[in-house]
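Student: I am new to this structure and would like a close look at one part of it, the sheet. Could you walk me through it slowly?

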Amino acid sequence: MKYAICYESRTGNTAMLAERIRQILPADDCLYYGPPAEEALAAELIFAGFWTDKGTCPENTAAFLSGLEGKKVFFFGTAGFGGSEAYFRQILERVRTNLPESAEVRGHFLCQGKMPQAVADRYEAMEDSPRRTMMLENFQKALSHPNEEDLAALEKAVREMAEA
Ligand SMILES: Cc1cc2nc3c(=O)[nH]c(=O)nc-3n(C[C@H](O)[C@H](O)[C@H](O)COP(=O)(O)O)c2cc1C
């Protein structure tokens with residue numbers, strides 16, 4: 001099946017996921033690899049990647065998703081706040097609302113992604129509170145992601161979809 005990998009990545013985390021998907025699928029079937037673009041619409045299967053911005057995908061990705069009439073879609077992405085499947089599910093549900101009804105979601109994978117130091121600086125400047133502590137701990141936890149374990153889990157999700 002011909003496929004395209006479209007993704008948005010500001011700081012490189014989601015790009016790591018996109019690269020792993022590219023590595024494990026047959027190169028001959030890849031019609032497009034890069035930021036969301038019309039060229040990708042020639043493919044039957046779209047790998048749509050995003051970083052999480054205010055709890056959902058960036059606007060450019062949302063607009064791209066709304067044009068995926070009749071496509072099979074695999075979502076992948078990263079979020080600064082990880083560790084909870086419920087949180088990831090919420091993000092995916094929001095992102096999914098951008099798809100037309102005729103699109104079919106074939107799989108998904110989200111993991112945590114490190115954030116820039118400026119984010120920690122902002123937390124540091126806040127008055128001490130349990131919320132501030134939680135956010136600083138989360139920042140530290142995010143620093144090592146996506147890691148090899150995340151990429152292996154992504155690979156598994158992609159292979160399962162391909163074999164289904
Ligand atoms: C402006 C901005 C807004 C963000 N909003 C969220 C958010 O709402 N939820 C979240 O979990 N992470 C949020 N993040 C963290 C990023 O989604 C996370 O670091 C992601 O891995 C970045 O991916 P990239 O390296 O592919 O750009 C935000 C980051 C930035 C810079």
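Student: To set the scene, what share of the contacts in the protein chain with a separation of 6 or more comes from residues 24 or more positions apart? After that, please take me through the sheet and what lies around it.

Tutor: Happy to! Please keep in mind that this is a predicted model. Residues 24 or more positions apart account for 81% of the contacts with a separation of 6 or more in the protein chain.

Now to the sheet. Five strands build an open sheet, and their order across it is β2-β1-β3-β4-β5, with parallel pairing. At the edges you will find β2 (30-34) and β5 (104-112), each of which pairs on one side only. From one strand to its neighbour, the turn is 10° on average, with direction ignored. As general background, strands of a sheet pair through backbone hydrogen bonds, in either a parallel or an antiparallel way.

Let us zoom in on one pair. Strand β1, residues 3-7, runs parallel to strand β3, residues 45-51, and five bridges join the two. If you want a single spot to look at, find Cys 6: its bridge partner in β3 is Ala 48.

Next, look at the helices that go with the sheet. Helix α3, residues 85-96, packs on it and touches β3, β4 and β5. The direction of α3 makes about 135° with that of β5. Helix α6, residues 148-163, lies across β4 and β5, and runs at about 175° to β5.

One strand of the sheet also leads us to the ligand. The ligand is surrounded by 18 residues, and the closest are Ser 9, Thr 14, Trp 51, Gly 80 and Gly 113. Two elements, α1 (13-24) and β4 (72-79), give two or more residues each to this shell. The largest share, three residues, comes from α1. By type, the shell holds five nonpolar, ten polar and three charged residues.

Finally, let us step back to the whole protein chain. Six helices and five strands make it up, and along the sequence they follow the pattern β-α-β-β-α-β-α-β-α-α-α. The C-alpha atoms fill a box of roughly 50 × 30 × 25 Å along the principal axes. A compact globule of 164 residues would have a radius of gyration near 15 Å, so the 16 Å of the protein chain agrees with that. Of the 164 residues, 35% are buried.

How values were computed:
Residues are numbered from 1 along each chain as its sequence is written. This is a predicted model: local features need pLDDT of at least 70, side-chain atom pairs count only at pLDDT 80 or more; totals for chains, interfaces and linings use all residues. A residue is near a molecule or strand if its C-beta atom, placed from the backbone, lies within 6 Å of it. Helices (H or I, at least four residues) and strands (E, at least two) are DSSP runs, numbered from the N terminus. Ala, Val, Leu, Ile, Met, Phe, Trp, Tyr, Cys and Pro count as nonpolar, Asp, Glu, Lys and Arg as charged, and the others, Gly among them, as polar. Two strands pair if DSSP finds at least two bridges between them. Axes are lines fitted to C-alpha atoms, for helices over the stretch in contact, and angles run from 0 to 180 degrees between N-to-C directions. Two residues are in contact if their C-beta atoms, placed from the backbone, lie within 7 Å. The radius of gyration is taken over C-alpha atoms; the globule rule is 2.2 Å times the number of residues to the power 0.38. A residue is buried if 20 or more other C-beta atoms lie within 10 Å of its own, exposed if 12 or fewer, and partly exposed in between; C-beta atoms are placed from the backbone.
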